[in-house]
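Grab a pencil and open the viewer. Here are some exercises, each with a solution worked out step by step.

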Amino acid sequence: MLARHLVTVWNPRYASDAMEAHLRVLLDWDARVTSGNADVDDVYVWWGKVRSNQRQQPMPHLDAIVALGAEAADDPDELRETHLYLTDYRMLYVANVTAITAEDPRACDAHHVPEYYTSSDLTCDCWFEISDIRLLVRDDLDGVAAELARLRNTRYHDRPVSLYGGMLELPLLVSRPDGRHFFDPREQRQLADDKLWARFDAEQGGLGALEVALREDHLGEIAWSALDATARRFIAMAERTFRDHRRDPAADLAPVVVGYAKALEIQLNGLIRTAMHGAAPAATRVKLGASTQLLPGALPLTLGQIAFALGGEPAFADHIQKVLTDGNWLRGEFAVILDAFVEEARNPASHGASLPREVVVRWRNRLLGVGHESLVTRLAKVQRRS
């Protein structure tokens, strides 16, 4: 597989708040755009690959890394994404790379470089221009290991990336077989209210312990790891709202439904994207409103559109049933349940209606698996047949 992405580790010895320092620069420029004091093209930050004082030889694969940056810079429509996965082993972020250079940007673009690079007199092999940063895993070593294992190390026989013995010659050159996009503007509008993911995540802090509890005490390791990382965060956000306000009879619990709905949208759109690889033309056509569009180009779909496609587009549903495990359940029983969820809970909640508490509780319990089989757990286990 061809490398398209990179993985690196940040060393807290160089700066105790390295990630926070980069996020501050990025969010500061974003705030300037909001206040009319900067252009949207100014929203980026430089991340440097610090060169160890112990290494005497040049980085062996620097040319290949810089070449990835040239590809990213030559893709103005962002039809492809170049990711830089950033970890300190307990946290994992994915950054949207728009350029890579071996030249030091501090000479001409210091306002986009965190100050600690200069104050600590750090030398870098290369620099990554980053337009957004998205949190994938918070304070969870096992979660980081599971998420990185989705990637393939192209300089090590396309083996899954491993935290244990596999983090050599950083940054790693990696591919992502599932083709997951993290910075699609349509998904950003649909899920993050059109904010930078860095800002959206900053507003949703404090979820790490709850995510671990959901994995260990509710959904289980296998199902939790199979969920998209952002789907997991929306479930945790919904659960935090529910647990904080379930004893308050005056509280509006509609955000609980919205959180679970976004989690389902993320997981289902990922499944559809995977299922469309090699699909016959008839299976890729879905009616969305007054027009017929082609998958996967029309993604992401809303839950209502997905429910309609599963129940009302026979060629699409037949293909889904054929290529996905538990596909018969997905196009049959689940499609009916999804349609009911959209009609009774998701649509009213998304349009500002105050839902009856018993409706929120009933759907939350059914999705999480309180007194029922968990719909989220069963959906998480659906995958493309090998």
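One thing before you start: this is a predicted model.

**Exercise 1. Find D121 and say what stands out about its backbone.**

Step 1. Look in the loop between α3 (116–119) and β5, which is where D121 sits.

Step 2. Recall what you'd expect: most residues other than glycine have a negative phi.

Step 3. Check the angle. D121 isn't a glycine, yet its phi is positive, at about 55°.

**Exercise 2. Which residue pairs are joined by a cis peptide bond, and where do P171 and P296 lie?**

Step 1. Keep the usual case in mind: most peptide bonds are trans.

Step 2. Go to L170 and P171, which are joined by a cis bond with omega at about -5°. P171 belongs to the loop between β7 and β8 (172–175).

Step 3. Now move to L295 and P296, where the bond is cis with omega at about 5°. You'll find P296 in the loop between β10 (291–294) and α11.

**Exercise 3. Work out the strand order of the 8-stranded open sheet, and explain what is special about β2 and β7.**

Step 1. Remember how sheets are held: strands pair through backbone hydrogen bonds, either parallel or antiparallel.

Step 2. Walk across the sheet and write down the order: β2-β5-β4-β3-β1-β8-β6-β7, with mixed pairing.

Step 3. Look at the edges, where β2 (45–50) and β7 (159–160) stand. Each has a single partner strand, so one side of each has no neighbour in the sheet.

Step 4. Zoom in on one pair. Strands β3 (residues 83–87) and β4 (residues 92–101) run antiparallel and are joined by 5 bridges. As an example, Y85 has V94 of β4 as its bridge partner.

Step 5. Add the helix that lies across part of this sheet. Helix α4 (residues 141–148) lies across β1 (5–9), β3, β4 and β5, and runs at about 110° to β5.

**Exercise 4. Describe how α11 packs on α13, then do the α10 and α14 pair.**

Step 1. Know what to look for: two packed helices are described by the angle between their axes and the distance between the axes.

Step 2. Take helix α11 (residues 303–312) and helix α13 (residues 327–350). Their axes come within 9 Å and cross at roughly 145°, and the crossing is left-handed.

Step 3. List who touches whom. From α11 you get L303, G304, I306, A307 and L310, and from α13 you get L330, R331, A335, L338, D339, F341, V342 and R346. Sorted by class, that's 9 nonpolar, 1 polar and 3 charged residues.

Step 4. Switch to α10 and helix α14 (residues 357–368), which pack at an angle of about 35° with axes 10 Å apart. This crossing is left-handed too.

Step 5. List the contact again: V256, V257, Y260 and L264 come from α10, while V360, R364, L367 and L368 come from α14. The classes here are 7 nonpolar, no polar and 1 charged.

**Exercise 5. How big are the largest pocket and the largest cavity, and what lines them?**

Step 1. Here's the idea behind the search: rolling a probe the size of a water molecule over the atoms shows where empty space is left.

Step 2. Start with the largest pocket, whose volume is about 910 Å³. It has 32 lining residues, and R150, D178, A226, G270 and T274 are the ones nearest its centre.

Step 3. Ask which elements build the lining. α4, α8 (221–226) and α10 (254–275) each give at least two residues, and α10 gives the most, with 7. The lining splits into 12 nonpolar, 8 polar and 12 charged residues.

Step 4. Turn to the cavities. The whole structure has 7 of 30 Å³ or more, and the largest has a volume of about 50 Å³.

Step 5. Name the lining of that largest cavity: L136, V137, D140, G143, E211, V212, W224 and R232. β5 (124–137) and α7 (208–219) are the elements that give two or more residues to it. By class, the lining has 4 nonpolar, 1 polar and 3 charged residues.

Notes:
Residues are numbered from 1 along each chain as its sequence is written. This is a predicted model: local features need pLDDT of at least 70, side-chain atom pairs count only at pLDDT 80 or more; totals for chains, interfaces and linings use all residues. Side-chain values use heavy atoms; hydrogens and water are left out. Axes are lines fitted to C-alpha atoms, for helices over the stretch in contact, and angles run from 0 to 180 degrees between N-to-C directions. Helices (H or I, at least four residues) and strands (E, at least two) are DSSP runs, numbered from the N terminus. A crossing is left-handed if the near helix is turned anticlockwise from the far one by less than a right angle, and right-handed if clockwise. Contact means heavy atoms within 4.5 Å. Ala, Val, Leu, Ile, Met, Phe, Trp, Tyr, Cys and Pro count as nonpolar, Asp, Glu, Lys and Arg as charged, and the others, Gly among them, as polar. On a 1 Å grid over the protein atoms alone, a cavity is a set of points where a 1.4 Å probe fits but cannot get out, and a pocket is an open set with protein on both sides within 12 Å along at least five of seven lines; lining residues have an atom within 4 Å of a point. Grid points are joined across faces, edges and corners, and a volume is the space filled by probe spheres set on the points. Two strands pair if DSSP finds at least two bridges between them.
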